[in-house]
Amino acid sequence: MSFDIDLYEKQFLNDYQSGDFENTLTEYRKKKIKEILKGYSTKNILEIGCGMEPFFLVYQDFEKMTVVEPANAMYQSAVKHRKEVLGDIECIHDFIENRVDELKDKKFDFILLIGLIHEVEDPNRLMDAVNRLCSKDSYVLITTNNPYSFHLTLAYEAGMIPQLGILTDKAKSFQRNSAFTMDEMKKLAQNHGFSVVEEGSYFIKPFSHGQMKKIVDNQLIGREVLDGLDGLTKYIPELGAENYCVARLS
């Protein structure tokens, strides 16, 4: 079955509007991304796939940012939010693979692939497009869900899932057909001409999104504990909810 962008958009918006724990995890994801970007030049940024809250809402240390988003609601959200911040921001409504020739001479300092390689129908085609968009000075940040995260490892040990590394029902509802371990994410980058220069994870999520939402909504834990769960990846990085790597052309 081919990827249906309209169905994906509907599922994404249902989760976004429900106040799912994904919204909290997104805060920690963006916090980590901002920390990572401090070590690199970010004058000219490309964000591929922006969701409902493009990265320029929380990060303005750039001169030019280009956002490429194929889903209509997300694209319209980027256009609307663009008016709220200062800076040169261009929003493009399309799949990145269709815009490579138009954008390949832009000399991007940094390309953001946030939570995307496991969402697309063909990760190799996506990475080929990203390769063509890079110069020798470009860096790419890739993030993906960790199929060996704490909460999935716990679910396996509790007999709630049959094995680790498989697609969950939640993942299937988003039409995902790939689940990348850290090694598989790095290998994907390396197979497309990149060398990994930095890697890590963020946020130890003890339980499922639904369970975490109930815990937070019932005030059983506060922000200080959530911050602590994020900090735990310093000690057990292999169990973070999401993995990341920074890569550049070899």
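The paragraphs below lead through a predicted model, beginning with its sheet and moving on to helices, salt bridges and a surface patch.

A good place to start is the open sheet of 7 strands, whose order is β3-β2-β1-β4-β5-β7-β6 and whose pairing is mixed. At its edges stand β3, made of residues 88-92, and β6, made of residues 194-202, each of which pairs on one side only. If direction is ignored, neighbouring strands of this sheet are turned against each other by 15 degrees on average.

Following the sheet inward from the β3 edge, one meets strand β2, residues 64-68, which pairs with β3 in the parallel sense over 5 bridges. Within this pairing, Val 67 has Cys 91 of β3 as its bridge partner. The two strands are also linked through side chains, for Lys 64 and Glu 90 meet in a salt bridge with an N to O distance of 3.6 Å. Because Lys 64 lies in strand β2 and Glu 90 in strand β3, this pair ties together parts that are 26 residues apart in sequence. Glu 90 has a relative accessibility of 23%, and therefore counts as partly exposed.

Further along the order comes strand β1, residues 44-48, which runs parallel to β4 and is joined to it by 3 bridges; here Ile 45 has Phe 110 in β4 as its bridge partner. On to the next strand, β4 and β5 also pair in the parallel sense, over 4 bridges, and Leu 113 stands opposite Ile 142 in β5. The side chains of β4 are worth following residue by residue: Phe 110 and Leu 112 point one way from the strand, Ile 111 and Leu 113 point the other way, and all are buried.

Two helices that lie across this sheet can be considered next. Helix α2, residues 22-37, lies across β4 (110-113), β5 (139-145), β6 and β7 (242-249), and runs at about 35 degrees to β7. Helix α8, residues 182-191, lies across β5, β6 and β7, and its direction makes an angle of about 155 degrees with β6.

Helix α2 can be examined through two of its residues, the first being Thr 26, which lies in this helix. Thr 26 has a relative accessibility of 16% and so counts as buried, and although Thr 26 and Glu 53 are 27 residues apart in sequence, their C-alpha atoms are 9.6 Å apart in space. The second residue is Lys 32, which also lies in helix α2. Is Lys 32 buried or exposed? Since the cut-off for buried is under 20% relative accessible area, Lys 32 counts as buried because its relative accessibility is 19%. When its neighbours within four places in sequence are left aside, Lys 32 is in contact with Ser 201, Tyr 202 and Tyr 244.

Charged pairs occur elsewhere as well, and a search of the whole structure finds 15 salt bridges. One of them joins the side chains of Asp 94 and Arg 99, with an N to O distance of 2.9 Å. In this pair Asp 94 is buried, with a relative accessible area of 17%, whereas Arg 99 is partly exposed, with a relative accessible area of 22%. Another salt bridge is formed by the side chains of Asp 101 and Lys 104, at 3.7 Å from N to O. Here Asp 101 counts as exposed, at 52% relative accessibility, while Lys 104 counts as partly exposed, at 38%. Beyond such pairs, salt bridges that share partners join Lys 31, Lys 32, Glu 35 and Asp 230 into one network; the Lys 32 of this network is the buried residue of helix α2 described above.

The last stop is on the surface. Which residues form a nonpolar patch there? They are Phe 150, Leu 154 and Phe 207, which together have about 230 Å² of accessible area. Of these, Phe 150 has its place in helix α6, residues 150-157, and with a relative accessibility of 31% Phe 150 counts as partly exposed.

Methods:
Residues are numbered from 1 along each chain as its sequence is written. This is a predicted model: local features need pLDDT of at least 70, side-chain atom pairs count only at pLDDT 80 or more; totals for chains, interfaces and linings use all residues. Side-chain values use heavy atoms; hydrogens and water are left out. Two strands pair if DSSP finds at least two bridges between them. Axes are lines fitted to C-alpha atoms, for helices over the stretch in contact, and angles run from 0 to 180 degrees between N-to-C directions. Contact means heavy atoms within 4.5 Å. Patches are made of residues with over 30% relative accessible area and no salt bridge: like charges are joined within 9 Å, nonpolar side chains (Val, Leu, Ile, Met, Phe, Trp, Tyr) within 5 Å. Accessible areas come from the Shrake-Rupley method with a 1.4 Å probe; for residues, only the protein chains shown count as cover. A salt bridge is a side-chain nitrogen of Lys or Arg within 4 Å of a carboxyl oxygen of Asp or Glu. Buried means under 20% relative accessible area, exposed over 50%, partly exposed in between (1.4 Å probe, protein chains only).
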